[in-house]
Amino acid sequence: MNMIVMLVIMLCLAGELLGFTSFIQPFATANREDILRGVNYASGAGGIRDETGQAVGGRSSFDSQLVHHGITIKKLLVQQRNVTFTKEHLGKCIYAVAMGINDYINNYLMPTYPARYVYTPNQYAEVLIRQYSKQLRTLYRFGARKVAVFGVGNPDCKPADIAANASSCAKNAAEPFNQRLKPLVDDLNNRLKDAKFTYINYTNIVEEVTRLAPEVEMETSLVVLNYNDVPASGVELFKPCCKLLKISGLCVPHSTPCSDRSAYAFFDNFHPTEIVNVQLAQRTYRASSPLDAYPVDVHRLAKL
């Protein structure tokens, strides 16, 4: 089984469930053998829109990642010298695409970007979906047939936000975007021959994995996750594992993180630790709830 990853570190763990014995290599360093197994095009600040993330420096937008994938396909054609085989090879791959969160965190929700002043939340979600649809169709034209499209998490549900909102998350600014993903998947499957797009409800999975027990007080801020390595005292949700930079919310460079990372749900204000990622991967691979995936989870997608 091959896997083309556009984004999400958690999918490296999902790759293990699909039978991968090592990490999928990034596009920048993937060699001839690597591209037969799969390529990771992930870019930390990349978005659906090209301008997304420009304030944080170098990144690859989804359009750029598609260009990179086109380069990979050309390498495959040269390597295999058989157009039919390459087409069949790509059709068997699983493409995991998780775009959109940066279009909120590093675009719409930032006062330095014009989008928030031009579009209402619903208008912005519609603009994103229209562009996303074109990009996913490009992926299809490149040969992709099995594509898992991930919803985005709540950009207002970082550890500091949860603490500030008395143990709950603020309203999900990206919800209008998420609400349009299932109809997008239906449209792509209905219009594109042999297409097998599926929607992974990332928001629902995250909320269930990290849901707060009502009896837990904010002072303790602990919730036990269903994971073998969880300490008896539970997992810390409100405090990150490392010291944070005030402006970016990321870990202070070269600082020492918490000694027991299995006791924390987040490394910084954005990135979950392995204890959370493991559960996200497990439920992405095999849904635990009918709300986790539509129409199929990754396990069933692989068998189609």
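A charge sits over a ring if NZ of Lys or CZ of Arg is within 6 Å of the ring centre and within 35 degrees of the ring normal. With that in hand, let us walk through this predicted model. Arg145 has its charged end over the ring of Tyr140, at 3.8 Å from the ring centre. Lys182 does likewise with Tyr294, its charged end sitting over the ring at 4.5 Å from the centre.

Lys182 belongs to the stretch 181–191, which is helix H10, so this is a good place to look around. The buried residues of H10 are Leu181, Leu184, Val185 and Leu188. Looking down the helix axis, you will find these buried residues within an arc of 100°, so they line one face of H10. Turn to the other side of H10 and you meet Asn190 and Arg191, which are exposed. And what covers the buried residues? The cover includes two helices, H7 (121–141) and H9 (175–179), together with strands S5 (146–150), S6 (196–200) and S9 (293–294).

Now for the aromatic rings, which form eight pairs. In one of them, Tyr104 and Tyr108 have ring centres 6.1 Å apart; their planes stand at 80°, which is over 60 degrees, so the pair is edge-to-face. Both tyrosines lie in helix H5 (residues 102–108), four residues apart, or about one turn of the helix, and both are buried. Tyr119 and Tyr124 also have ring centres 6.1 Å apart, but with planes at 40° their pair is tilted. Tyr119 is partly exposed at 24% relative accessibility, whereas Tyr124 is buried with a relative accessible area of 0%. Ring pairs link these four tyrosines with Phe62, Tyr132 and Phe177 into a cluster.

The last stop is the cysteines. A search of the whole structure turns up two disulfides. One joins Cys241 to Cys258, with an S to S distance of 2.0 Å. Its S-S torsion is about -95°, so this disulfide is left-handed. Cys241 and Cys258 are 17 residues apart, each in the loop between strand S8 (235–236) and helix H12 (274–285). Cys241 counts as buried at 6% relative accessibility, and Cys258 counts as buried at 12%.

The other disulfide is formed by Cys242 and Cys251, whose sulfur atoms are 1.9 Å apart. A torsion of about -90° about the S-S bond makes this disulfide left-handed. Are its two cysteines buried or exposed? Cys242 is buried, at 8% relative accessibility, while Cys251 is partly exposed, with a relative accessible area of 27%.

How values were computed: Residues numbered from 1 in each chain as written. Predicted model: local features only at pLDDT ≥ 70, side-chain atom pairs only at ≥ 80, totals over all residues. Heavy atoms only, no water. Buried < 20%, exposed > 50% of the residue type's maximum accessible area, 1.4 Å probe, protein only. Arc of directions from axis to C-beta. Contact = heavy atoms within 4.5 Å. Disulfide = S-S within 2.5 Å. Phe/Tyr/Trp six-rings, centres within 6.5 Å; stacked < 30°, edge-to-face > 60°.
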